[in-house]
Amino acid sequence: MSYLNVAEVETALKLAARPANAGFTKLITLPHLTWEGRTCRAIRIHRGAPAGGGVYLLGGVHAREWGSPDILINFVQLLTDAYRTGSGISQGGTSLGADKVREIVDHLDLVVFPQANPDGRHHSMTVDPMWRKNRRPAGLGERPCSVGDGDGPGVDINRNYDFLWDFPTKFSPEAPVVTSTDPCSEIYRGPAAESEPETANVTWLLDRSPYVSYFIDIHSFGEDILYNWGDDDDQTTDPAMSFRNPGFDGKRGIPDSTPGGDPEKYREFLPAEDLNDLIGLGNVMRDAIQAAHGRHYSVKGAVGLYPTSGTSDDYAYSRSFLDARKRKVRGYTIEWGPQRSTIPKSFHPDYPDMVPIIEEVTAALFAFCSTIAGRIANPRPAERVLAQPGSNRRQTAPIGDR
Amino acid sequence: MSRIHITLRGSDRESMADLVRVHGVRVYPQTLKEKTEGFQVDAVVDEAVIGQLVDAGYEVDQHEDVDEAAQDSLQQVGRGNRFAAQAAAFEEDER
């Protein structure tokens, strides 16, 4: 057993959309060729009337995080095989009846883009296993980088989205933001927001997925389930204190836990209903992972001591705040796998060690999708969940008015 | 230049934030831990930077050369295309 190479991911995706599955799958060719001329593809899984909601699963953004496409291909294969044959799914902690499989496919618009950065993955799997970025070449007059065979710079796709991308303006000069304007840094944000074809493919697909209401970007490592936001602590009371408000430029990115607190008192607005939902569904995934092989993942807000800008999950969630016609898309990043004895082994565990991780994250994704599909198929008065920003603790109380 | 995995220890959160905003170190945020005597975080740096961090007051444990250690991982990647025969069979059926 071994990690899927770039060609295998593409072939597996095409097989999942083969004629026998044509009634409920569609292979999508993304419009932007990568820097090295590769075509990217995604798959849409849904049958019947317009979906009541949807989930967008993204993987393979960071080249060296080899297991992410393998997780998503495993998920797609299990789901499409089970739906076509009218059977359930049972694998390493996942147990889903045929009725639940039908519920997911019949009620959800599932969009899976497993290999967003094939150039980077190919480079990582053949030349430089620690390569993280895409393969944007150095421009005319730019200095070559000492890493990446001098072919750099390459751009960190997950710092290139149009969410507070201009961090020198948007964040406090005191904020330890984990991104960079240095083309040779492995967290280089790129020359402009959404400058990269790989980033543009992700957003193109989001634009054309009007039923999608959740977005999950699969990364490694750390055993975390992170929810919005990543730029600063969350708050639920002041909608004006938000990324949209230029009055807070230069004040973002200092978490309250910094010694002396945050002198600017900035926190990013996240409606309480969204926070409750993000934590609740994060806990669903956490529990599914624990049930699979006993691993414990933490559910928490994405910001820690080190804030981020230009990330996919915050971009996806930010869109409806900027354009009310767009559906709200709540965002997660899953960081699979524990830290191991070396950094390379943390990113690409020996494949036998990767298998249970594939199974546990697959279990989490099925639990997540099944919960949302169940809500759509069987709407009922919701429970009120009272949550604290930045915490995964919650209390519940019935309200019955929704 | 070799890139080395290191563990950095500092006395407080402020010093850990300085790793990014002052020293430009590529930290791995998910490895940040609070210890009884301060904080620690893992990072990957050029070998030449290690001395500067020690001079700046950080305790540094050196681990592996990440690029050298990572070469072993290449053996874990699939060769050829394990799905090719299946794909060819489906294409044949289509005809």
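This note walks through the predicted model of chains A and B, point by point.

1. **Ground rules.** Residues are numbered from 1 along each chain as its sequence is written, while chains are lettered from A and ligands numbered from 1 in the order in which they are written. This is a predicted model, so to speak of local features a pLDDT of at least 70 is needed, and side-chain atom pairs count only at pLDDT 80 or more, whereas totals for chains, interfaces and linings use all residues.

2. **Confidence.** The model scores ipTM 0.94 and pTM 0.94. Chain B has a mean pLDDT of 93, with 100% of its residues at 70 or more; pLDDT is the predictor's confidence in each residue, from 0 to 100. Within chain B, the highest confidence belongs to strand β4 (residues 59-65), at a mean of 97, and the lowest to helix α4 (residues 84-94), at 85. Helices (H or I, at least four residues) and strands (E, at least two) are DSSP runs, numbered from the N terminus.

3. **The sheet of chain B.** A good place to begin looking is the open sheet of four strands in chain B, with the order β2-β3-β1-β4 and antiparallel pairing. Two strands pair if DSSP finds at least two bridges between them. Strands β2 (26-35) and β4 of chain B stand at the edges with a single partner strand each, so one side of each has no neighbour in the sheet. From one strand to the next, the twist averages 20°.

4. **Inside that sheet, and a helix on it.** Strand β1 (residues 3-10) of chain B runs antiparallel to strand β3 (residues 38-46) of chain B, and eight bridges join them. To see this register, find T7(B), which stands opposite D42(B) in β3(B). Helix α1 (residues 13-21) of chain B packs on the sheet and touches β1, β2 and β3 of chain B, its direction making about 15° with that of β3(B). Axes are lines fitted to C-alpha atoms, for helices over the stretch in contact, and angles run from 0 to 180 degrees between N-to-C directions.

5. **The sheet of chain A.** Chain A holds an open sheet of eight strands, in the order β1-β2-β6-β3-β7-β12-β8-β11, and its pairing is mixed. The edges are β1 (25-29) and β11 (298-301) of chain A; each has a single partner strand, so one side of each is left without a neighbour in the sheet. On average, neighbouring strands of this sheet are turned by 20° against each other, direction ignored. At one edge, β1(A) is joined by five bridges to strand β2 (residues 41-45) of chain A, and the two run antiparallel. One bridge to look for links T29(A) with its partner R41(A) in β2(A).

6. **Helix α2 of chain A.** Helix α2(A) lies across β1, β2, β3 (53-58), β6 (108-113), β7 and β12 (330-336) of chain A, running at about 135° to β7(A). Helix α2 (residues 67-85) of chain A also packs against helix α3 (residues 98-107) of chain A at an angle of about 105°, with axes 9 Å apart. That makes α2(A) roughly perpendicular to α3(A) (under 35 degrees is roughly parallel, over 145 roughly antiparallel, 65 to 115 roughly perpendicular and the rest oblique). L79(A), A82(A) and Y83(A) in α2(A) meet V101(A), R102(A), I104(A) and V105(A) in α3(A). Residues are in contact if their C-beta atoms, placed from the backbone, lie within 7 Å.

7. **Where the chains meet.** In the interface, 36 residues of chain B are in contact with 38 residues of chain A. On the side of chain B that touches chain A, α1, β2, β4, α3 (66-70) and α4 of chain B each supply at least two residues. By class, that side has 17 nonpolar, ten polar and nine charged residues. Here Ala, Val, Leu, Ile, Met, Phe, Trp, Tyr, Cys and Pro count as nonpolar, Asp, Glu, Lys and Arg as charged, and the others, Gly among them, as polar.

8. **Backbone details worth a look.** A cis peptide bond joins S220(A) and F221(A), with omega about 5°, and F221(A) lies in the loop between β7 (212-220) and β8 (224-227) of chain A. Another cis peptide bond joins N228(A) and W229(A). E194(A) is not a glycine, yet has a positive phi of about 55°. With 18 C-beta neighbours inside 10 Å, E194(A) counts as partly exposed (20 or more other C-beta atoms within 10 Å means buried, 12 or fewer exposed, in between partly exposed, with C-beta atoms placed from the backbone).

Methods:
Two residues are in contact if their C-beta atoms, placed from the backbone, lie within 7 Å.
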